[in-house]
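Please work through the exercises below with the sequence and the 3D structure at hand, and try each task before reading its solution.

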Amino acid sequence: MMKLIIPLAAAALASTLTADAFTQPPQIARISARPFLYTSLSATSDENEPLPEFDDDEAEVKKDNEEADKFLQKAEQLREQIRQMESQIGDDRRARYVEQVENDNNNNDEDEDDDTPKKKSLKGKRILILGANGRLGSMITRYLLRTHGSEIKEAVAAVHFVGQATTRGYGRLSYEVGAEDGVGTIGSAWSSEDERNASFEFDPETMGGYHLNKLRIVEVELLDPVQVQTITEDVDAIIYCATDFDGNRPKAVASLNAAFLFRAIANPTKGRVEIEGLRNCLEGLTATLSDQRWKEQRRMAKYVGESAAEVAAASNTSTSTKKPTDPTQFVLVSTCPDAFGNFETPFGEFNGMKRQGEKIVLDEFPSLSYSVLQMGKFDDNFVQEGQELQFADAEEDTVVVDGVICAARTEENVQKAEQKRINRRDAARAAVDALLNEDIEGKKVQVYTKVGVTDIW
């Protein structure tokens with residue numbers, strides 16, 4: 001028989017334990033967070049006993065104050081040195097930044113010799129075509145995408161409408177840009193409605209060079225300043241070929257368009273795309289370019305640590321952000337004086353309105369770079385496309401009658417009996433090329449490919 005031997009200390013401890021000791025949770029000791037010194041004082045001293053007083057040596061206090069003053073003076077000296085260094089660094093930063101901006105403005109991405117003049121480029125630019133649903137506008141959109149689609153950021157085709165949005169002109173634009181050149185399918189006449197609808201899928205072999213991924217289509221009422229300002233945001237250049245006329249006749253008369261006709265009767269002195277619509281677009285472009293300048297100033301201010309106003313005053317970014325490689329900012333497509341007869345409209349004389357629009361571009365927005373193209377009469381039947389573009393200085397052919405700019409027919413023009421003509425596809429090429437043509441920037445020129453006998457005198 002084995003005996004269980006328990007040590008004396010263990011037996012004593014076991015004798016003090018009860019059954020509750022094994023069922024109740026253990027009590028956790030609470031430790032006071034008060035400092036030991038505070039606890040000991042409060043436990044041993046009388047509450048009414050005053051706290052001890054400490055007699056400081058006056059000499060030591062004076063010495064400490066002198067050392068503190070020395071540290072304060074040294075700290076102020078260091079702060080002054082830091083301010084001077086920051087000011088110097090700010091000037092250096094600004095100088096380096098301005099130098100960097102100038103270098104960026106004067107350098108193309110391509111490796112060229114220093115003596116090579118920098119040319120205009122559409123690389124990374126957003127181009128807005130106004131009147132893209134017209135015959136000329138759709139051809140301009142096509143030419144821009146086919147020739148510069150690989151380098152531009154985006155081509156924005158603005159479809160102009162009056163009153164209520166319409167699909168008028170979409171078929172022409174879709175055809176010109178090649179959106180219908182893909183693989184098409186259409187169901188039989190007895191199939192369901194969904195199957196009967198025609199559809200087109202992208203064909204990389206046929207449409208690979210169309211650059212339709214760079215095309216964005218927007219609708220706009222050009223007489224609404226808010227809509228125009230919206231579509232001109234972040235735009236680098238505009239080609240303006242929108243018009244209220246079909247030839248020299250208002251569309252209200254030429255096509256019996258109810259919306260145009262109502263506008264002509266209700267308010268004959270307003271609602272002219274050639275005047276009010278043009279001005280809205282110029283104002284919108286000016287605003288977006290001003291916003292770009294402000295963003296540039298803020299970016300520079302953040303870099304050098306100063307306010308945008310100080311940066312604008314210390315640099316030339318407040319005047320213009322246009323680089324030598326930037327395209328011409330506004331291209332206006334107008335008509336030659338000898339292209340059409342001077343049709344009287346409720347809005348004014350046809351040629352007079354065209355000259356008035358040109359004057360707005362030339363005189364009212366000096367901060368914009370521009371080219372005004374007076375196109376010869378469009379002739380797609382008897383003038384071949386692909387001919388060399390010819391330019392001539394525009395002639396002053398206006399006269400002011402009762403405060404209104406009107407076209408003036410001269411006896412010399414009547415005796416000449418000549419008329420400049422151009423194929424629309426060549427006109428589209430001229431409009432896009434004007435974005436990069438330095439020779440005609442800031443000028444009003446006549447554009448044509450052939451001179452023939454006039455048909456308006």
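**Exercise 1.** Which residues of helix α5 (residues 170–177) are buried?

Before solving this, note that the model is predicted, so that local features need pLDDT of at least 70 and side-chain atom pairs count only at pLDDT 80 or more, while totals for chains, interfaces and linings use all residues. Residues are numbered from 1 along each chain as its sequence is written, and side-chain values use heavy atoms, with hydrogens and water left out.

*Solution.* Step one is to apply the cut-offs: buried means under 20% relative accessible area, exposed over 50%, and partly exposed in between, with a 1.4 Å probe and protein chains only. In α5, the buried residues are Leu173, Ser174, Glu176 and Val177. Viewed down the axis of α5, these residues fall within an arc of 165°, so they line one face of the helix; the arc is that of the directions from the helix axis to the C-beta atoms. Step two is to look at the cover, which includes α4 (135–148), β2 (154–160), β5 (215–220) and α15 (424–433), where contact means heavy atoms within 4.5 Å. Helices (H or I, at least four residues) and strands (E, at least two) are DSSP runs, numbered from the N terminus.

**Exercise 2.** Locate Asp234 and describe its backbone and exposure.

*Solution.* Asp234 lies in the loop between α8 (225–231) and β6 (237–240). Its phi is positive, about 60°, although Asp234 is not a glycine. With a relative accessible area of 40%, Asp234 is partly exposed.
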